[in-house]
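Work through the exercises below with the sequence and the coordinates open beside you, and try each task before reading its solution.

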Amino acid sequence: MNINFKQLEAFIWVSDLGSFRRAAERLNTTQPNISARISSLEDALKIKLMERDAGSVRLNAKGQELLTEARAILKGVETLIDVAGQSQNIEGVIKLGVTEMIVNTWLRDFLKQVKEQFPKLNVELMVDVSDNLRPELFSKSIDLAFQNGPFKRQTSGSEDLGTYPFVWVASPDIALTSQTQLTAEDIKQEPILTHARGTRPFEETEAHFLSTKGRPPTIIPSTSIAPCLHMALDGIGVACLPASMVHRDIKSGNLVQLNYPWVPTALQFLARYDAQTAHSNVVRVAKLAAKIAQAYPKTLIT
């Protein structure tokens, strides 16, 4: 009986993704190659593992039974590599979804550490707001998501990436920065730069200022928070951003922290994945991210 690692890997990915084409994309090969690996596995086992319909694939009862064993075999191989001390030779691709806040804080440190510790492991990035990463994670289009709550659906695997409080900031060229204590009316003198519509920071910011007396606020949301920071640096408005994003600009004097007593709820970040189906590479990378994230400054250093 001739069964190899690539056949089992193809079997697992086709099962998880329900598609020969998507499995081929994940394994960086062609659809005919995936089909050939599955056929060879079925021939070796002398059983049929899945039903092929137009545009879809589903496991039969025997395929479902053997899927658990196939996962166990692959995890055993991964454990063997670990015990042999050969983690640096792990190959593969991890599809990672991240929010822009992570991109603008410790993502570079994380990617450098991945390259140093796992030089043959490649990371493909998807950058989007947290709500858009959720369906990608549960459809298995990505393996791992660094995203903030609240989470409408829980995952079986996660690592704590820390809590990120907000601060109000503005360019020193704006007159507000000379005041020691600001009111809502003071803040509303300037455009308020914030996160995209539909996000919790935007909704909380909008609700807060609409509930205050006086003039209506001018709120400028952005699907990308980097422009909020850039506009704040250029004196276009005031911004409420995670302290981790602005601590360097405050330290350098490019921005000034505003003394306004209200901020949106701090962002709680997790590295989320499916512990039942994730390769050990995903778990390793998630734990590495947690280590790097916990060491990154999340509040202003005085």
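The exercises that follow concern a predicted model, and they go from the whole chain to single residues.

**Exercise 1. The chain as a whole**

Task: Describe the chain by its secondary structure, its dimensions, its surface and its charges.

Solution. Begin with the secondary structure, which comes to 12 helices and 12 strands. Next take the C-alpha atoms along the principal axes, where they fill a box of roughly 80 × 40 × 25 Å. The chain has 302 residues, and 46% of them are buried, while its accessible surface comes to about 14,800 Å², with 51% of that area belonging to carbon and sulfur atoms. Turning to contacts between residues at least 6 apart in sequence, 77% of them join residues at least 24 apart. Finally, the chain carries 33 positive and 32 negative charges, and the mean positions of these two sets are 3 Å apart.

**Exercise 2. A pair of helices**

Task: Determine how helix α1 and helix α3 are oriented towards each other, and list the residues that make the contact.

Solution. Two packed helices are described by the angle between their axes and the distance between the axes. Here helix α1 spans residues 5-17 and helix α3 spans residues 31-45, and their axes come within 9 Å of each other and cross at roughly 110°. An angle of 65 to 115 degrees counts as roughly perpendicular, and α1 and α3 are therefore roughly perpendicular to each other. On the side of α1 the contact is made by Lys6, Gln7, Leu8, Ala10, Phe11 and Val14, and on the side of α3 by Ile34, Arg37, Ile38, Ser40 and Leu41.

One of these residues can be followed further: Ser40, found in helix α3, is partly exposed, with a relative accessible area of 33%. Ser40 lies 58 residues from Val98 in sequence, and the C-alpha atoms of this pair are 37 Å apart in space.

**Exercise 3. Backbone features in loops**

Task: Find where the cis peptide bond between Gly149 and Pro150 lies, and then decide whether Lys46 and Lys140, each with a positive phi, are buried or exposed.

Solution. The peptide bond that joins Gly149 and Pro150 is cis, with omega at about 5°, and Pro150 is found in the loop between β5 (144-148) and β6 (157-164).

Lys46 is not a glycine, yet its phi is positive, at about 60°; its place is in the loop between α3 and β1 (50-53). The relative accessible area of Lys46 is 72%, and this residue is exposed because the cut-off for that class is over 50%.

Lys140 likewise is not a glycine and has a positive phi, of about 65°, and its place is in the loop between α7 (130-138) and β5. With a relative accessible area of 18%, Lys140 falls under the 20% cut-off and is therefore buried. Leaving aside residues up to four places away in sequence, Lys140 touches Asp16, Leu17, Arg22, Arg26, Asp274 and Thr277. Pro119 is 21 residues from Lys140 along the chain, and their C-alpha atoms are separated by 24 Å.

**Exercise 4. Sequence separation and distance in space**

Task: For Pro165 and Ile192, set the separation from a chosen partner along the chain beside the C-alpha distance, and describe the surroundings of each residue.

Solution. Pro165 is found in the loop between β6 and β7 (166-170). The C-alpha atoms of Pro165 and Lys298 are separated by 7.0 Å, with their positions 133 residues apart along the chain. Beyond residues up to four places away in sequence, Pro165 touches Leu241, Pro242, Ala243, Ala266, Lys298 and Thr299, and its relative accessible area of 25% makes it partly exposed.

Ile192 is found in strand β8, residues 192-194, and is buried, with a relative accessible area of 0%. Ile219 is 27 residues from Ile192 in sequence, and the C-alpha to C-alpha distance of this pair is 4.7 Å. With residues up to four places away left out, the residues that Ile192 touches include Trp168, Phe209, Pro217, Ile219 and Val238.

Methods: Residues are numbered from 1 along each chain as its sequence is written. This is a predicted model: local features need pLDDT of at least 70, side-chain atom pairs count only at pLDDT 80 or more; totals for chains, interfaces and linings use all residues. Side-chain values use heavy atoms; hydrogens and water are left out. Helices (H or I, at least four residues) and strands (E, at least two) are DSSP runs, numbered from the N terminus. Buried means under 20% relative accessible area, exposed over 50%, partly exposed in between (1.4 Å probe, protein chains only). Contact means heavy atoms within 4.5 Å. Accessible areas come from the Shrake-Rupley method with a 1.4 Å probe; for residues, only the protein chains shown count as cover. Lys and Arg count as positive and Asp and Glu as negative; His and the chain ends are not counted. The place of a charge is taken as NZ of Lys, CZ of Arg, CG of Asp or CD of Glu. Axes are lines fitted to C-alpha atoms, for helices over the stretch in contact, and angles run from 0 to 180 degrees between N-to-C directions. Angles under 35 degrees count as roughly parallel, over 145 as roughly antiparallel, 65 to 115 as roughly perpendicular and the rest as oblique.
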